[in-house]
Amino acid sequence: MVGRQADVVVLSDADRNFLESQVRRHKAPRSLSDRCRMVLLCAQGLQSKDVAERLDVHEHTVGKWRRRFVQGGIEGLADEYRAGRPRTVTDAQVAEVVERTLNTTPKDATHWSIRSMAADRGLSHTTIRRIWTAFGLQPHRAETFKLSSDPLFVDKVQDIVGLYMSPPDRAVVLCVDEKSQIQALDREQPVLPMAPGVAERRTHTYVRNGTTSLFAALDVATGAVIGQCYKRHRATEFLDFLKRIDAEMPKGPDVHLVMDNYATHKTPRIKA
């Protein structure tokens with residue numbers, strides 16, 4: 001009884017060059033390089049059984065890729081599309097999850113969690129996670145915003161942004177702010193300095209020395225900072241800090257101060 005006749009592999013110069021290049025490539029997928037070796041050996045006239053023995057694979061594997069190459073050429077060596085597991089979550093279920101996430105809240109919480117939504121919709125928590133990730137939903141996060149009632153708000157924003165982005169010639173732009181209620185802490189023991197192979201060491205216990213307030217002015221052009229600490233945070237201290245800024249500024253250029261509307265910035269003594 002005559003067996004099935006093996007397909008004859010005939011290579012063009014372009015096919016041979018491609019197959020040999022894939023065999024030589026170090027970064028080529030192992031599966032592709034093995035298939036290229038099979039086809040090259042088959043093109044030499046070897047039987048599938050002999051090729052299988054050389055490459056230590058099953059004869060049926062060689063026959064499969066011999067047949068695929070004869071039928072489809074180089075493209076036949078690529079993996080065919082695999083549909084995978086059928087979907088178990090419908091588009092309607094996805095839409096329900098998205099709608100409930102956006103428009104409802106659970107009875108016993110301020111926002112949905114992955115597991116509470118999964119229990120509510122009868123889906124797995126991994127499915128809910130994938131849906132939320134796909135639609136960019138993060139119910140646990142909240143951001144704040146502020147609407148200004150100042151009718152000149154837009155004009156003021158343009159002035160400030162203009163100072164930052166395009167400061168006037170021969171002018172200094174300073175961003176002024178303060179940080180109050182800073183804890184003045186000190187370690188109970190002296191800090192041990194860093195040494196070769198040893199990190200700096202300090203005690204985890206500390207001594208409280210009250211609080212302090214830091215006033216600072218940042219030169220937006222050079223990055224230079226003028227700073228000073230005060231025991232209290234009043235208009236008196238802020239006026240003293242403005243005088244220090246004035247003393248350290250060079251003579252000649254205009255000085256523009258950008259600051260917020262904190263109460264100590266708007267007292268009659270400051271505006272005078």
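A polar contact here is a pair of N or O atoms within 3.5 Å, where, within protein, one atom must be able to donate a hydrogen and the other to accept it. Keep that cut-off handy for the exercises below, and remember that the model is predicted.

**Exercise 1. Arg-269 and its partners**

Task: Work out which residue shares a polar side-chain contact with Arg-269, and where Arg-269 is found.

Solution:
- Start with the address: Arg-269 is in helix 10, residues 268-271.
- Next, list the neighbours. Skipping residues within four places in sequence, Arg-269 is in contact with Thr-236 and Leu-239.
- Now apply the cut-off. The side chains of Arg-269 and Thr-236 are joined at 3.4 Å, and a polar contact needs its atoms within 3.5 Å.
- So Thr-236 is the partner, given that 3.5 Å limit.
- For a sense of distance, take Thr-212: its C-alpha is separated from that of Arg-269 by 23 Å, with the two positions 57 residues apart along the chain.

**Exercise 2. Thr-212 and Gln-181**

Task: Decide whether Thr-212 is buried or exposed, then do the same for Gln-181.

Solution:
- Place them both. Thr-212 belongs to strand 2, residues 206-219, and Gln-181 to strand 1, residues 171-187.
- Thr-212 has 17% relative accessibility, so it counts as buried; the limit for that class is under 20%.
- Gln-181 comes in at 61%, so it counts as exposed; that class takes values over 50%.
- The two residues touch. Apart from neighbours within four places in sequence, the contacts of Thr-212 are Lys-179, Ser-180, Gln-181, Ile-182, Cys-229 and Tyr-230.
- Seen from the other side, and with residues up to four places away left out, Gln-181 touches Thr-211, Thr-212 and Ser-213.
- Tyr-230 deserves a second look: its backbone oxygen is reached by the side chain of Thr-212 at 3.1 Å.
- As for Ser-116, its C-alpha is 40 Å from that of Gln-181, and the two are 65 residues apart in sequence.

**Exercise 3. Two positive phi angles**

Task: Find the phi values of Asp-56 and Gln-181, and say where Asp-56 is found.

Solution:
- Begin with the background: most residues other than glycine have a negative phi.
- Asp-56 has a positive phi, near 60 degrees.
- For Gln-181, phi is positive too, near 55 degrees.
- Asp-56 sits in the loop between helix 3 (48-55) and helix 4 (59-72).
- With a relative accessible area of 71%, Asp-56 is exposed.

**Exercise 4. What Arg-35 holds on to**

Task: Name what the side chain of Arg-35 reaches on Leu-77 and on Asp-79.

Solution:
- Arg-35 is part of helix 2, residues 30-43.
- Its relative accessible area is 10%, so Arg-35 is buried.
- Leave out neighbours within four places in sequence, and Arg-35 is in contact with Trp-65, Leu-77, Ala-78 and Asp-79.
- On Leu-77, the side chain of Arg-35 reaches the backbone oxygen, at 2.7 Å.
- On Asp-79, the target is the side chain, in a polar contact of 2.8 Å.

**Exercise 5. Helix 5 against helix 7**

Task: Describe how helix 5 and helix 7 pack, including the angle and the residues of the contact.

Solution:
- Helix 5 spans residues 91-103 and helix 7 spans residues 125-135; they pack at about 70 degrees, and their axes are 10 Å apart.
- That angle makes helix 5 roughly perpendicular to helix 7, a label used for 65 to 115 degrees.
- Helix 5 brings Val-94, Val-97, Val-98 and Thr-101 to the contact, while helix 7 brings Ile-128, Ile-131, Trp-132 and Phe-135.
- Sort those residues, and you get seven nonpolar, one polar and no charged.

**Exercise 6. Arg-121 and the domains**

Task: Find the polar partner of the Arg-121 side chain, then say how far apart the C-alpha centres of domain 1 and domain 2 lie.

Solution:
- Arg-121 is in helix 6, residues 114-121.
- At 29% relative accessibility, Arg-121 counts as partly exposed.
- Not counting residues up to four places away in sequence, Arg-121 touches Glu-96, Val-97 and Arg-100.
- The polar partner is Glu-96, side chain to side chain, at 3.1 Å.
- Met-194 is 73 residues from Arg-121 in sequence, and their C-alpha atoms are 57 Å apart.
- On to the domains: the assignment gives domain 1 (13-77), domain 2 (91-135) and domain 3 (152-270).
- Between the C-alpha centres of domain 1 and domain 2 there are 49 Å.

Methods: Residues numbered from 1 in each chain as written. Predicted model: local features only at pLDDT ≥ 70, side-chain atom pairs only at ≥ 80, totals over all residues. Heavy atoms only, no water. Axes fitted to C-alpha atoms, helices over the stretch in contact; angles between N-to-C directions. Helix = DSSP H or I, 4+ residues; strand = E, 2+ residues; numbered from the N terminus. Parallel < 35°, antiparallel > 145°, perpendicular 65-115°, else oblique. Contact = heavy atoms within 4.5 Å. Nonpolar A, V, L, I, M, F, W, Y, C, P; charged D, E, K, R; others polar. Buried < 20%, exposed > 50% of the residue type's maximum accessible area, 1.4 Å probe, protein only. Domains from an automatic or database assignment.
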